[in-house]
Every structure is written in structure tokens, then in C-alpha cells.
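The exercises below ask the reader to work from individual residues outward to strands, charge networks and surface patches. Each task sentence is followed by a solution in steps.

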Amino acid sequence: MLALAMSAAANGQLSGPPMQLPTHSAFREDAKPGVARLYDLPSVQGETTTTPKPLPRAPVIASPATPRLFAPTFNVALAPPSVDQRDYVPNPPYATSPLTSPEIPLMAPVETPLFSWRPSHIPEGAKTGIFQQSLFRTTYLPRIGADGFGMTSLTKQFTFALPPFISGSPILVSPSYTTHFLDGPAPIDVPPHLIDGEIEFRYMKQATPRLGIDISVAPSYYGDGHNKTSDAWRVTGRALGAWSWNERWQIVFGGVYTGRSDFPAVPVAGAIWKPASDIRIEAIFPRPRAYFRPFVNGTIEHWVYLGGEYGGNTWAIEQPGGISDKMTYADLRLLVGWERRAPRGFSGRFEAGWVFDRSIEFNSGSPGLDPSDTLMVRGEMSF
């Protein structure tokens, strides 16, 4: 079938609609410190015996005039996206996605120039304008017991896609601001609040038909608002990749630089397995997840999941007497969650879990503390 279509195209006699061929997408980030969750990246191997379902974005058509990009048996060209086709939000630190097989997003065409003020292709997961997303998230850890430690965190973040566009993919710029209100602990002296402020510059690209990359750098401030020394300013970042093994498996690898005192750099490694369109297993260190989609309401998807993560950070603080110090809080979390994913409009999620193996340490050598276990409640809305 594929050979006949290519022969007809070469003679200018393509009688039916263009043949659609599955391609690949870039991947998405899920949560700080920066573990990526990836779309399915199945590859094209040999000839296609059946016509795939319509793709959610621009179709790929057979064309003998374009350079070879996927398999040695055929070539591809990309038709421009239509305003009527579905858009999805690249949602650092969370994202929306169709996640339905075999409908998979497309990669940029090989003809895309290295530098362009007007991209010829909008990558899957992006809106067509500069403004991409507004996000608000709150996390609550109550103080339990006399040696307990509570924390309430409020985060506001915006995401913009700005020129210049490189190889058809925008550079995502995400300024964010988080305030942590601390409750206790009584045995040690900690600031009443802490501040996270950063501007993340992120670039995603389908480097090859099988390999997707996600690179970011974020100049940041982590402190109590009083300590403005060099200890409070640092640059975080990540470099992640996903190799598509087949339609069901992806290999994830890379690393994240956090600049924390306890774990300044964290390796990222694991695999994503999608046995069905309603099931997704992300066995990725340090943030595993298992997702199940119970139902879909039109274009709105509802997912439930189980997971674990490593929480905390390092902040530059000012001790009594004006002494500069650094405070590191760390914990482990097990959680369950529900997520509503909408391609247009409001999306959200709610999570609850158990927080354990907690610690507070100071670089100056001041006495620290291992707070008692507590609960976690986290909610998020994005548009």
C-alpha cells in the first residue's frame, strides 16, 4: 500500500487523501526537581499495512522529494497545522496530554531552519500564541506533635513561548514565585518564611525519530528574604532524554542539577511502560508514578495515580546576630492523586499523601532536627 502511494505521488496521481504516518513528539516535565514525563514515541519500522487513525495535529504525507528522515524505505513532508486542530499546553511543572494510542504527536519537519522568527511548525503541547499558561499550586504539611514541623507553600507561575524559534520549537520562559510559611519546630530556630524565585528557560526538541530531549536552565533565588549573599543565588537545570524502544516502551535518562547541600545533582533513569491507552507506568528515579484513566468526558480526561517523590530544598538564611547560614529540609513522600486534563480551559489536580524520613540540617553545624512524620495535601489549577 505504501509503495503504491509513493508511486502515485511520484507521477502526480495521488488520488486519495494523503497517507498518514505515525511520528514522534517532545516530552513534558512533571514536577521539580525536574523529572520529565514523556509522550509515547513509537517509531516507524518498515511498511505500514493498515492506514493509521487520523492524527490530532498536522498530517504527514508521503513525498519522494523530501530528504529521508525516518526509515530508508520512504520519505516524509509535513503539512502546515490548522487553526481548527487541537492544541495542548506544555505545562511545567505539570502538563496536559492526549495520551491516547495510536494518536501520537508530530515532530518538526526536517526543512525547518535553525533560526526563524516565525516557526513553520508549532510543536505538540504548545499553544500558537506567546502566552502558554498560568498556574497556581498550594501544598500543606501540618505540624503534628511537639517536635513536628509544618509548612504551607504557595506557588504562582506563568509560561511564555518567545522568539527566537530554533528548529521550529519555541523557547519556553517560566517565571515563578513560591512562599513557604513555616510552623515550628520548637527545639530549633528557623525563619518564619522562605522564598523560591526563578526564571526557567526551557527547550524541547525531537532530535531524531526515536530520541526526544528536554534541556533547561533556571537562574534562581532560594532564601529567607534577608540573606542576599551568593549562597542564596544559584543556577539550576536539567538535561533529559527519552529513547523510544517501541510503541509501548521508552528509556528515560539524564540528570538534574538542584544546587542543594544534600544532593546538588540527581541522576534520572528509568523506563515508561504503556500497556494500554488507559494505563501508564513511569518507573523513573527519583519520581515514580503509576497512572490509570477511569473515564473520558469528551476531550476532558480524568486520571488517578500512585507515586513517590523526594521533597525539600536548601535556602540561605540569616541566623540571629546576622550570621549567614544555609538550611536544608528533606523528606520522602508517598501519595495518591487525581488529575483533570483539559486541552482548552482549566486543568487541575489534587494529591494527598504521607511524609516521612524528614530532616532539617544547617551548614554552620548548628543542631538540626528530625521532625515527626506528617501528612501532605496539594492542589493545583492551571489555564
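E351 has a relative accessible area of 0% and is therefore buried. This value, like the others below, is computed from a predicted model.

**Exercise 1.** Find which residue E351 meets in a salt bridge, and establish where the two partners lie along the chain.

Solution. Begin with the side chain itself: E351 meets R378 in a salt bridge, with an N to O distance of 2.6 Å. Next, place the partners, since the pair links distant parts of the chain, with E351 in strand β18 and R378 in strand β19, 27 residues apart. Then test the burial of R378, which, with a relative accessible area of 8%, falls under the 20% cut-off and so counts as buried. Finally, follow the shared partners outward: salt bridges join R287, R289, E309, D331, R333, E339, R341, R349, E351 and R378 into one network.

**Exercise 2.** Determine whether R333 and D331, which meet in a salt bridge, are buried or exposed.

Solution. The side chains of R333 and D331 come to 2.9 Å, N to O. R333 has a relative accessible area of 9%, so it is classed as buried, and D331, at 0% relative accessibility, is likewise buried. Both residues also belong to the network of salt bridges that includes E351 and R378. As general background, side chains of opposite charge can pair when their charged atoms come close.

**Exercise 3.** State how many salt bridges the model contains, and describe the one formed by D214.

Solution. The count comes to 18 salt bridges. In one of them, D214 is paired with R238, and the closest N and O atoms are 3.6 Å apart. This pair links distant parts of the chain, because D214 is in strand β10 (residues 211–223) and R238 is in strand β11 (residues 233–244), 24 residues apart. Both D214 and R238 are buried.

**Exercise 4.** Work out how strand β18 pairs with strand β17 and with strand β19.

Solution. Take β17 to begin with: this strand (residues 323–341) pairs with β18 (residues 347–362) in the antiparallel sense, over 13 bridges. Within that pairing, V336 has A352 of β18 as its bridge partner. The hairpin of β17 and β18 has 5 residues between the strands, and in it G345 takes a positive phi near 100 degrees. Now turn to the other pairing, in which β18 and β19 (residues 374–382) are also antiparallel, over 9 bridges. There S347 stands opposite S382 of β19.

**Exercise 5.** Characterise D357 by its backbone angle, its accessibility and the surface patch to which it belongs.

Solution. D357 lies in strand β18, and its phi is near 50 degrees, a positive value in a residue other than glycine. With a relative accessibility of 53%, which is over the 50% cut-off, D357 counts as exposed. On the surface, D357 gathers with E361, D370 and D373 in a patch of negative charge.

**Exercise 6.** Identify which residues make the nonpolar surface patch, and classify W338 within it.

Solution. The patch, of about 610 Å², is made by Y140, I279, F292, V304, W338, F350 and V377. Of these, W338 lies in strand β17. Its relative accessible area is 36%, so W338 is partly exposed.

**Exercise 7.** Locate the cis peptide bonds before P185 and P286, and then examine the spatial contacts of P286 and I171.

Solution. The bond joining G184 and P185 is cis, with omega about -5 degrees, and P185 lies in the loop between β8 and β9 (193–206). The bond from F285 to P286 is cis as well, with omega near 10 degrees. P286 is found in the loop between β14 (279–285) and β15 (289–297), and its relative accessible area of 16% is why it is classed as buried. Although P286 and Y310 are 24 residues apart in sequence, their C-alpha atoms are 6.9 Å apart in space. For I171, which lies in strand β8 (residues 169–183), the relative accessible area is 23%, so this residue is partly exposed. I171 and R202 are 31 residues apart in sequence, with a C-alpha to C-alpha distance of 5.8 Å.

How values were computed:
Residues numbered from 1 in each chain as written. Predicted model: local features only at pLDDT ≥ 70, side-chain atom pairs only at ≥ 80, totals over all residues. Heavy atoms only, no water. Pairing = 2+ DSSP bridges. Helix = DSSP H or I, 4+ residues; strand = E, 2+ residues; numbered from the N terminus. Patch = residues over 30% accessible without salt bridge, like charges linked within 9 Å, V, L, I, M, F, W, Y side chains within 5 Å. Areas by Shrake-Rupley, 256 points an atom, 1.4 Å probe, with all protein chains shown as cover. Salt bridge = Lys/Arg side-chain N within 4 Å of Asp/Glu carboxyl O. Lys, Arg positive; Asp, Glu negative; His and termini not counted. Charge placed at Lys NZ, Arg CZ, Asp CG, Glu CD. Buried < 20%, exposed > 50% of the residue type's maximum accessible area, 1.4 Å probe, protein only.
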